[in-house]
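Trainee: Hey, got a minute to go through this one with me? I'd like to start with pockets.
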Amino acid sequence: MEPRRVSLPALRRLLLAHQGLLGWSGGAGRDREGAPWRERLRGGPGALKALRALEAVQLDPVNIVERNHHLVLMNRVDGYQPRHLEGHYARRRVYEYWAQARCVLPIERFGELAPRRRLWALDATVATMKDRERLLRAADEILRLLAASPEPLPARALDLGEKVQSYWGWQTKLSSQALEHLWESGEIVVAHRRGDERYYAPTAGWHPGLPADETGWEPLLHTFVRAYGVVDGSDPRLGWRSRWKVAERRTALERLVADGTLQPVAVDGVKRRYFVWTPLLGRLAALERVRVAPHVFLLSPLDNLLWRRERVEDLFGFDYRWEIYVPEAKRTYGPYVLPVLEGDRFVGRVDARLDRDAGRLVLRRAWWERGATAASRRRALAGLGSLAERLGADLVARRGAA
């Protein structure tokens, strides 16, 4: 199929609208105007709708401003608070598993991750571990403790008092490593969480109506396409599938084009090959000449929009890397920098830290992109003030930070 020629602004806006981060007017047909999701999604119901639309939100323990999954939903749900998502665990509407990375997903996706659970079966994942036998015994003991408990148990209640070598080569709790193997294999679930503390339960009996396991990777590939909306053929995470060769990814893309799931597009000035999820094509044309509202979003480093850094650079001309694991001497900006999105372009990035004891969100430094106007800077700082308010803090800027 011949690629459809599209403009860079239209494709960029399509991606933002698909991610719930764009407001516009002056379009056409049903897409004459549109608003960011946070103007219509609220509280707990809004959090679930946003998660279902995004398909997955990445979990990460880094808490310099707020945990990633909460920041993602704060940008898309009006009045969002962590309890709004955490309440859906108890109702069995969400669960945690490995997709883009470790993610929270709608429970409807449970069956699609079965191929990975089979790939990560307990015997397979401990087979090459130095302490294989101890891990297997620990896993049995943890399963026994969880089965005997009427309520999910936190990891601290499952501590077996021993240490073991982790996946990464350093010492960790034997129980923590065994829990990771059991979670990867699907034998246990995170039944709920409070902040970073996870409460575990046996998968069997946790949810009486779990979606049936899928037999292959194809359903997950389609979920990936819906989540991304705009896909590039060289993405190694395509389909959230492990151990997939380049030729196999290419064949899968060709199949999705042939069955009408994807439309190849050609973008002026962009060498990388992109594909658009076919249901979005109508909106693509409508967004060509719209007036974009200057809504501001301070994105977390692992926001869904930033999952594919190459896509951000191609479509926005914005080079962003999360430098938290980069040695300090080699950092360009800082370990935890929030990109600033205004309308359909990135105008800067800010280094902000939440001082929880003092109740202050401290702006340490800001960097502005070429072309960022004084009005853009004011809107960005106002957006940072709104974020501080949602975090229950006051915004304080260091001298010369902005």
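Mentor: Sure, a bit of vocabulary before that: Ala, Val, Leu, Ile, Met, Phe, Trp, Tyr, Cys and Pro count as nonpolar, Asp, Glu, Lys and Arg as charged, and the others, Gly among them, as polar. By that scheme the largest pocket's lining has 15 nonpolar, seven polar and 11 charged residues.

Trainee: What kind of model is this, and what do the cut-offs apply to?
Mentor: The model is predicted, so to speak for local features we need pLDDT of at least 70, side-chain atom pairs count only at pLDDT 80 or more, and totals for chains, interfaces and linings use all residues. Residues are numbered from 1 along each chain as its sequence is written, and side-chain values use heavy atoms, with hydrogens and water left out.

Trainee: OK, what counts as a pocket?
Mentor: On a 1 Å grid over the protein atoms alone, a pocket is an open set of points where a 1.4 Å probe fits, with protein on both sides within 12 Å along at least five of seven lines; lining residues have an atom within 4 Å of a point.

Trainee: What volume does the largest pocket have?
Mentor: About 1100 Å³, where a volume is the space filled by probe spheres set on the points, and grid points are joined across faces, edges and corners.

Trainee: Which residues lie nearest the centre of the largest pocket?
Mentor: Pro61, Arg102, Trp168, Glu180 and Arg198, out of 33 lining residues. The elements giving two or more residues to that lining are α8 (174-185) and β10 (197-202). Helices (H or I, at least four residues) and strands (E, at least two) are DSSP runs, numbered from the N terminus. The largest share, five residues, comes from α8.

Trainee: How do Glu180 and Arg102 meet?
Mentor: Their side chains form a salt bridge at 3.4 Å, N to O. The pair links distant parts of the chain, with glutamate 180 in helix α8 and arginine 102 in strand β5 (residues 102-106), 78 residues apart. A salt bridge here is a side-chain nitrogen of Lys or Arg within 4 Å of a carboxyl oxygen of Asp or Glu.

Trainee: Is arginine 102 buried or exposed?
Mentor: Arginine 102 is buried, because its relative accessible area is 11%; buried means under 20%, exposed over 50%, partly exposed in between (1.4 Å probe, protein chains only).

Trainee: How many salt bridges does a search of the whole structure find?
Mentor: The search finds 33. One of them joins aspartate 196 and arginine 67 at 2.8 Å, N to O. Aspartate 196 is in the loop between β9 (188-194) and β10, arginine 67 in the loop between β3 (57-58) and α3, 129 residues apart. Arginine 67 is buried at 15%, whereas aspartate 196 is partly exposed at 35%.

Trainee: Back to pockets: what about the second largest?
Mentor: Its volume is about 190 Å³. The second largest pocket has 14 lining residues, with Arg38, Met74, Asn75, Ser386 and Arg390 nearest its centre. The largest share of that lining, four residues, comes from α13.

Trainee: Which unit does α13 belong to?
Mentor: A right-handed β-α-β unit with β18 and β19. Right-handed means that, with the strands pointing away from the viewer, the path from the first strand over the helix to the second runs clockwise. Strands β18 (residues 360-368) and β19 (residues 394-397) run parallel, joined by four bridges; two strands pair if DSSP finds at least two bridges between them. Leucine 363 has alanine 397 in β19 as its bridge partner.
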